[in-house]
There are 2 protein chains.
Amino acid sequence: MKIDAALGPADIARLPDRDLSRTLCVVFDVLRATTSLVTGLAHGMRAAIPVCSIEEALAERSQDPSVLLGGERHGNRIDGFDLGNSPLEYDARVKHRVVVTTTTNGTIALRACAGAAQTHAAALVNLSAAAGAVRGSALSTVLLVCAGTFEEPALEDIYAAGRLVHALGSQELSDTAAVCAAVGSRFGTDAGSALRATKNGRALLAAGREADLEWSASVDCVAVVARMAGSRLVVG
Amino acid sequence: MKIDAALGPADIARLPDRDLSRTLCVVFDVLRATTSLVTGLAHGMRAAIPVCSIEEALAERSQDPSVLLGGERHGNRIDGFDLGNSPLEYDARVKHRVVVTTTTNGTIALRACAGAAQTHAAALVNLSAAAGAVRGSALSTVLLVCAGTFEEPALEDIYAAGRLVHALGSQELSDTAAVCAAVGSRFGTDAGSALRATKNGRALLAAGREADLEWSASVDCVAVVARMAGSRLVVG
């Protein structure tokens, strides 16, 4: 298996120019978009529809009033939306529901992989399930997509991608995948310390959202594989 | 001191939009542009003028026939140029000479820092000298610029940047600087193994250029600080 990685938003912006037709993309936005979406799927959310703008989200609801709207701008719930971006909100209230979601980076990363053979969403909370899905795939080229924050790579995404590299065992790594693996090694299995060392982790603590950070660092607390089926993220 | 890093070409492409007027940029293109330029300065090269295109290099020589032309495309010397991009060519033959140089990534990275308060070129061969210059600078914001290869980040540049982070001791690190530090830790002081693990290192070995790799991995074999003075890279 060949493993490559896009380390942040500037690299993700170039993905639409790349032939991903035989590639399995795994998108990480650990604090907090993919953690929240995976958590929602574990709680019975029917699907999430990632969209890139608030306008697009509102248009989806005007088509189907039964959907919930979720997401954030600058870390906060968007006016008029049902849910923010805290994984702790993606509990029983999303059961059987479709959530239209827009965040600054995670949803953009998922959409940038539109040309991929398969796209999964992963986080620390479903790390082993995500690794199992990669191992079980017939695709032998994997691209780890680290969503980042605004214009910058995010350490927690690169760390989680590195943990996935380690979980996959000995493989052919690109330079950027080796970078992820090195960051995974640096913090080892102490995901809590890793997340506290990141800019986003420090911002969550400063905002009193320690519970979000703790949940996001709870490796393998759910066993869900999250994959894109057309425009929808579903269990798969 | 605050340390940030641009991990590769996609991030470097955005540098001209950034206010670097109070930032010290340190550019790494370990295999092989900055290694060659630093080596040349150690051998008495008067200055290097990094330019972005072959046409620009030829135009410089038409202005001043005494300059040497150096650089590479796809790793090879450019037709009609005096020097390629092997650090072993930057020896006595560059003494007292000005070298106009163009490479696929290193010179572009140096030029992308044009708005910086100061720009240095660094490599493993002058790591401690580069660290000393950073420590001695009045500027308290440092950006490590990892030139990469074509469109991709290069592991050797991120490794060398990480070694510089370690040499600077405890500082305030951005997420990307922490990524560099983790890669520095992963390979430790064994620069030879680090370079052999990279895509460019493997390509050099496959091309029979092991001596280039060995020289590039010779940490602190020269004690030169290389800094941009206007359009010229000089000892400083």
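A residue is termed buried if 20 or more other C-beta atoms lie within 10 Å of its own, exposed if 12 or fewer do, and partly exposed in between, with C-beta atoms placed from the backbone. The model is predicted: local features need pLDDT of at least 70 and side-chain atom pairs count only at pLDDT 80 or more, whereas totals for chains, interfaces and linings use all residues. Residues are numbered from 1 along each chain as its sequence is written, and chains are lettered from A and ligands numbered from 1 in the order in which they are written.

**View 1. Surroundings of B:Ala112 in helix H4 of chain B.** B:Ala112 lies in H4 (residues 106-112), where helices (H or I, at least four residues) are DSSP runs numbered from the N terminus. B:Ala112 is buried, because 25 other C-beta atoms are found within 10 Å. Leaving aside residues up to four places away in sequence, B:Ala112 touches B:Ile12, B:Leu15 and B:Pro16; contact requires C-beta atoms, placed from the backbone, within 7 Å. B:Arg14 is 98 residues from B:Ala112 in sequence, yet their C-alpha atoms are 8.4 Å apart in space.

**View 2. The side of chain A that touches chain B.** Here 21 residues of chain A are in contact with 21 residues of chain B. Two or more residues each are given to this side of chain A by helix H1 (9-12), helix H6 (155-168) and helix H7 (175-187). H7(A) supplies the largest share, 8 residues. By residue class, this side of chain A has 11 nonpolar (Ala, Val, Leu, Ile, Met, Phe, Trp, Tyr, Cys and Pro), 7 charged (Asp, Glu, Lys and Arg) and 3 polar residues (the others, Gly among them).

**View 3. The axis relating chains A and B.** A turn of 180° with a shift of 0.0 Å along the axis lays chain A on chain B with an RMSD of 0.0 Å, superposed by least squares on the C-alpha atoms of residues with pLDDT of at least 70 in both. This is the relation of a two-fold axis. In chain A, the C-alpha nearest the axis belongs to A:Ala10, 2.6 Å from it. Both copies use the same surface, as 100% of the contact residues of chain A recur in chain B.

**View 4. Helix H7 of chain A.** The 13 residues of H7(A) should span 18 Å at 1.5 Å a residue (1.5 Å times one less than the number of residues), which agrees with the 19 Å between its end C-alpha atoms. Of these 13 residues, 12 are buried, so H7(A) is largely enclosed by the rest of the structure. Among the buried residues are A:Asp175, A:Cys180, A:Arg186 and A:Phe187. A:Gly188, which follows H7(A), has a positive phi, near 60°.

Terms used. Contact = placed C-beta atoms within 7 Å.
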